[in-house]
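Student: I've got a structure open and I'd like to learn how to read it. Could you walk me through it?

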Amino acid sequence: MTIQALKGFKDILPDEVRAWQHIEATAREIFHRFGFTEIRVPILEKTELFARSIGEATDIVEKEMYSFADRNGDSITMRPEGTASVLRAFIEHGLQAKLPVQRLYTIGPMFRHERPQKGRLRQFHQMSVEVLGLDHPRLDAELIAMGWLILDELGLSVSLQINSLGCPACRPAYKEALVNFLAARKELICEDCQRRSLTNPLRVLDCKSSHCQEQYVAAPSILDHLCPGCSEHFRQTKESLDLLAIPYAVNPFMVRGLDYYTRTTFELVTDALGAQSAVGAGGRYDGLVEKLGGAKNMPGIGFAMGMERLALLMTQQNEGGCPDSASDLFVAALGEEAAVAVFPLVHFLRRKGLRVAMDLEGKSLKSQMKQADRAKARYALILGEEELARGEAVLRDMTSKEQQAVPLAGAPEGLCAMLVEAIAPKGK
RNA sequence: GUGAGCGUAGCUCAGCUGGUGGUAGCACCGGGUUGUGGCCUCGGAGGUCGUGGGUUCAAGUCCCAUCGCUCACCCCA
C-alpha cells in the first residue's frame, strides 16, 4: 500500500494554489488598509495556554486537540486556533507598551482532531485578526466591515449574523433563566438538548431539531438580559454597522464554541457549503488577556476566516478565478549545438526578468512547440542548425503566428535587449 | 465517538439477473507535416477491479472482514 496523507490532512495542489494565493493576497492588502500588521507565532504551544483560553470544558479542549508529551515530558499542543497564541505573544513581549491599540493579523494552519467532512479538515488554515486595547463599539463594526469587504472583493456573497453574549455581569443571570426554562420543558426537547442544558445550556438554542426549535421560540433571549453597559454597546455596534451600510441579522440564538467570548459575536455564513456554514466568525473577548496573565481591563476583539471554506466558495461562486501563470518565451533548440548555445541565453533572459521555459530533452520541434503552447508562451524562439549557420534565430508570435528573424550577434546581450524590448512591453 | 454511501486506468466513469476488464471521455506519448503549437485524424502506453478471506465449475459482480474516501450527526473556521 502506498503511503497516503493522514486523514483530514490535504495537499493543496498547484491548480488550487492560485485561488489560495489570491485569497491571501486580497486579505493581506485589506488588512494593511485597515492598519493591521502581521505577527507570526509558533504552531506548538504549551497545552495549558489553550486550556486556559478556550475553556477546559469545550469540545476543542476536551477531545479535539493534538496534544502530546514533549521529550522532557511537558504537555504541548498543536494550536487549534490562533487567538490564544497571538495574545500570549502580545503579553509576553509587552506589546501594549509599544502602541496603546494593537492591530494584528496572522495566517496559518490550525489543527483539530475531528471527523473530516466538507469544509472541515484536521489541518485547516485561518486568516485571523485581533485588536487589543480598545472596546469602542465602532471598532466592532469596523472589524466586521473589514471581513465583509474581504469577501466582497473576493466576489463572494454571504450573510452576516450578529449577537451579544453579554459579560460576566449579565450572562450568569441569563444562563440561570435559560436553565430554568429548559428544566420546565425537559420532556419536550431532544436527548441532545437535555444533555446540553446541563453541560452548555446556550448551545441548545441552535439545535437543528425543528421540534426543539418550536419550544425555543418562547425561550428567554440573551438580548433581554443584557446589563446597561452591554446593551448600549450592542446598540452602538448595530448603529455603526448601519452607518457603514453593512446588512446584518440579529440572531439571539447564535452561540460560540469558545468560552472566552463576551459582548459582540458574529458569523459570516453561507448556505453553499453543506453543513459548514460559517466562512468567518469571531467576537469580543474582553477578559481574556487578564485570564492569560496579562494586563487587567485589556479589551480585545478578533475574528478568523477559514481558507478552505473560502477556496471552496471561490470555485463555486466565481468562474475562471485568477489567470494562469504564463511564460513570456519558450526557447526551442534543435540539436545539441543549438541547445548549448541556447542554455546560457535562457538563463540570461531569466536574470533580466523574463519568464522563460525551454525543453531539456532534445525533443522534436513539434513536441517543443506543443510544450510552448502548453506553457501559454506568448513567443517562441526557435534555433536550429539552419538558423545557427546564419547566425540568427526565429522569433514566433504564438498568437499571430508571425515570425521574424533575429540576429544572434555573438554575446547574448544584443539579442536579449531586443527580446526584452519586443516582449516585455506586452507583458503586464 | 455515532450513522449512511462509495472504492474499476493519472482523472471522470460504463460494466444488466455471476460467464474473457471498456474501440468510453479527458489527460499523456508518437505518427499524419525531412524543422512549427491549438483543431482534425491514425496509432500507442497505461489495471494487484482498495486489501484479505468465503460461496461457486466460474466473482469487478454475491457474502464476511478489513483499510481508505465521502457526506451527515456532535462540534466548528
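**Reading the RNA surface and the helix packing**

Tutor: Sure, and keep in mind that this is a predicted model. Let's begin at RNA strand B: 55 residues lie around it, and G257, G274, G306, G384 and E386 come nearest.

Student: Which elements give two or more residues to the surface near RNA strand B?

Tutor: The idea is to move from single residues to the elements that carry them. Here the helices are α7 (191-199), α11, α13 (365-374) and α14 (385-390), and the strands are β6 (123-132), β10 (278-284), β11 (300-306) and β15 (392-397). The largest share comes from α13, with 7 residues.

Student: And how does the surface near RNA strand B divide by class?

Tutor: Count the residue types and you get 24 charged, 16 nonpolar and 15 polar residues.

Student: How is chain A divided into domains?

Tutor: A domain need not be one unbroken stretch of sequence, so check the bounds. Domain 1 is assigned to 14-170 + 226-317, while domain 2 covers 329-421. Between their C-alpha centres there are 51 Å.

Student: Now helix packing. At what angle do α1 and α11 cross?

Tutor: For a helix pair, read the axis distance and the angle together. The axes of α1 (residues 14-33) and α11 (residues 307-317) come within 10 Å, crossing at roughly 110°. An angle of 65 to 115 degrees counts as roughly perpendicular, so that's what α1 is to α11. The crossing of these two, α1 and α11, is right-handed.

Student: Which residues of α1 and α11 make the contact?

Tutor: On α1 they are E16, A19, W20 and I23, and α11 brings M307, L310, A311, M314 and T315. By class, this contact of α1 with α11 has 7 nonpolar residues, plus 1 polar and 1 charged.

Student: Are α5 and α9 perpendicular or oblique to each other?

Tutor: Start from the numbers again. Helix α5 (residues 137-153) and helix α9 (residues 228-243) have axes that come within 8 Å and cross at roughly 45°. That angle makes α5 oblique to α9. Their crossing, α5 with α9, is right-handed.

Student: What residues make the contact there?

Tutor: From α5 you have P137, R138, D140, A141 and I144; from α9, H233, Q236, T237, S240 and L241. In the contact of α5 with α9, 4 residues are nonpolar, 4 polar and 2 charged.

Student: One last pair: how do α2 and α4 cross?

Tutor: The axes of α2 (residues 47-54) and α4 (residues 83-92) come within 9 Å, at a crossing angle of roughly 105°. The two helices, α2 and α4, are therefore roughly perpendicular. L49, F50, S53 and I54 of α2 make the contact with T83, A84 and R88 of α4. By class, the contact of α2 with α4 has 4 nonpolar, 2 polar and 1 charged residues.

Terms used:
Residues are numbered from 1 along each chain as its sequence is written. Chains are lettered from A and ligands numbered from 1 in the order in which they are written. This is a predicted model: local features need pLDDT of at least 70, side-chain atom pairs count only at pLDDT 80 or more; totals for chains, interfaces and linings use all residues. Axes are lines fitted to C-alpha atoms, for helices over the stretch in contact, and angles run from 0 to 180 degrees between N-to-C directions. Helices (H or I, at least four residues) and strands (E, at least two) are DSSP runs, numbered from the N terminus. Angles under 35 degrees count as roughly parallel, over 145 as roughly antiparallel, 65 to 115 as roughly perpendicular and the rest as oblique. A crossing is left-handed if the near helix is turned anticlockwise from the far one by less than a right angle, and right-handed if clockwise. Two residues are in contact if their C-beta atoms, placed from the backbone, lie within 7 Å. Ala, Val, Leu, Ile, Met, Phe, Trp, Tyr, Cys and Pro count as nonpolar, Asp, Glu, Lys and Arg as charged, and the others, Gly among them, as polar. A residue is near a molecule or strand if its C-beta atom, placed from the backbone, lies within 6 Å of it.
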